Amino acid sequence: MYLHGATVARWTPSGCDQVLWVSSASRFTPDAAIRGGVPICFPWFGAQVGHPESPSHGFARLSPWSLVAAEDDGQDVTVSLRLTDEDATGASAWPHRFEAVYTVVVGSRLSLALQVTNLSDETVSFEEALHTYFDVRDIRAAEVSGLEGTAFYDRLSGPGPVPGEPDPVRFGSETDRIYLGTRASTMVRDADAGRCVAISKDGSDATVVWNPWVDKAKAMDDFGDDEWKRMVCVEVGNIREATIHLAPGGSHTMMTTFEVSPTTGLEPGRTTL
Ligand code: BG6
């Protein structure tokens, strides 16, 4: 885990291969987000509306967070990091006073909780996402379930929402979707690796699914040309209509937990024997 962006980069529970993916081309420099693990998108997602000069996905993933506490109870390790407004954020296009506390519990499960408190005298609005890159053996044999029937914004095809699909998300081309109005748990099922990662969440009304595929991977200078095969992003968040509005002094917590299990032996796409 890095103080830079409070980015959890690796989590390898006992007996498992690594669960999170990090690009071999990630820059690990102060001016860039770590390309992998769990960058935090806050206080906006994607481009900031009306401010094309602002960094993509907000400043939290580019900021140095400070350590609040770390504790090992013999079973789990709990680490808390903190980010508050400072001169640079005060001069940004999101100039509000706030405190964000990120609590990470590492053990046989990985739990992540982002609590944001509004320290200013007016209502503050923000978007957020835990932009998790999951390692998969081959994206073409993977699927994401839990979003069946949920409408989504397809960022590749147009502004309006698209009706939900009956099947799990499968991948055969670039995929960039924001599912809205969903509190559902999801699952990354990696048939080639013989495992599933269950993703539960709380305080989140949106889920993003992203894979850049061939051309976009090539276009990103911190992403290996062939690495699109080895990752899928499933991001719990509050985005667009699910933007959080906090009254002065108010707090909001979004959390997610990941748990790995072997696949059941069902073929991809089948939920019953
Ligand atoms: C995803 C977005 O969450 O992040 C994609 O839905 C975007 O549109 C991707 O390309 C990566 O963004 P960035 O800013 O880290 O390159």
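The ligand sits in the largest pocket of this structure, which is a predicted model. Its surroundings are formed by Arg35, Phe45, Ser56, His57, Arg61, His131, Arg155, Asp176, Val208, Trp210, Lys216 and Glu235. Sorted by class, this shell comprises six charged residues, three polar residues and three nonpolar ones.

Among the residues of the shell, His57, His131 and Glu235 each place a polar side-chain atom at a short listed distance from an oxygen atom of the ligand, as set out in the table.

| Residue | Atom of the residue | Atom of the ligand | Distance |
|---|---|---|---|
| His57 | polar side-chain atom | oxygen | 3.1 Å |
| His131 | polar side-chain atom | oxygen | 2.8 Å |
| Glu235 | polar side-chain atom | oxygen | 2.9 Å |

On its own the ligand has 400 Å² of accessible area, and the protein covers 87% of that area.

Away from the ligand, the aromatic side chains offer another view of the model, since a pair of aromatic rings is described by the distance of the centres and the angle of the planes. Across the whole structure, a search finds 16 aromatic pairs. One of them joins Tyr2 and Phe28, whose ring centres are 5.5 Å apart and whose planes stand at 35°, so that the pair is tilted; an angle under 30 degrees would have counted as stacked, and one over 60 as edge-to-face. Because Tyr2 and Phe28 both lie in the segment before β1 (40-41), the pair ties together parts of that segment that are 26 residues apart in sequence.

Two features of the backbone remain to be described. Most residues other than glycine have a negative phi, and most peptide bonds are trans. Ala6, which lies in the segment before β1, has a positive phi, near 50°, although this residue is not glycine. The peptide bond that joins Phe42 and Pro43 is cis, with omega at about 0°, and Pro43 belongs to the loop between β1 and β2 (66-72).

Notes. Residues numbered from 1 in each chain as written. Predicted model: local features only at pLDDT ≥ 70, side-chain atom pairs only at ≥ 80, totals over all residues. Heavy atoms only, no water. Near = heavy atom within 4 Å. Polar contact = N/O pair within 3.5 Å; in protein donor to acceptor, adjacent residues only side chain to side chain. Areas by Shrake-Rupley, 256 points an atom, 1.4 Å probe, with all protein chains shown as cover. 1 Å grid on protein atoms, 1.4 Å probe; cavity = no way out; pocket = protein on both sides within 12 Å on 5 of 7 lines; lining within 4 Å. Sits in = over half its atoms within 2 Å of the grid points. Nonpolar A, V, L, I, M, F, W, Y, C, P; charged D, E, K, R; others polar. Phe/Tyr/Trp six-rings, centres within 6.5 Å; stacked < 30°, edge-to-face > 60°. Helix = DSSP H or I, 4+ residues; strand = E, 2+ residues; numbered from the N terminus.
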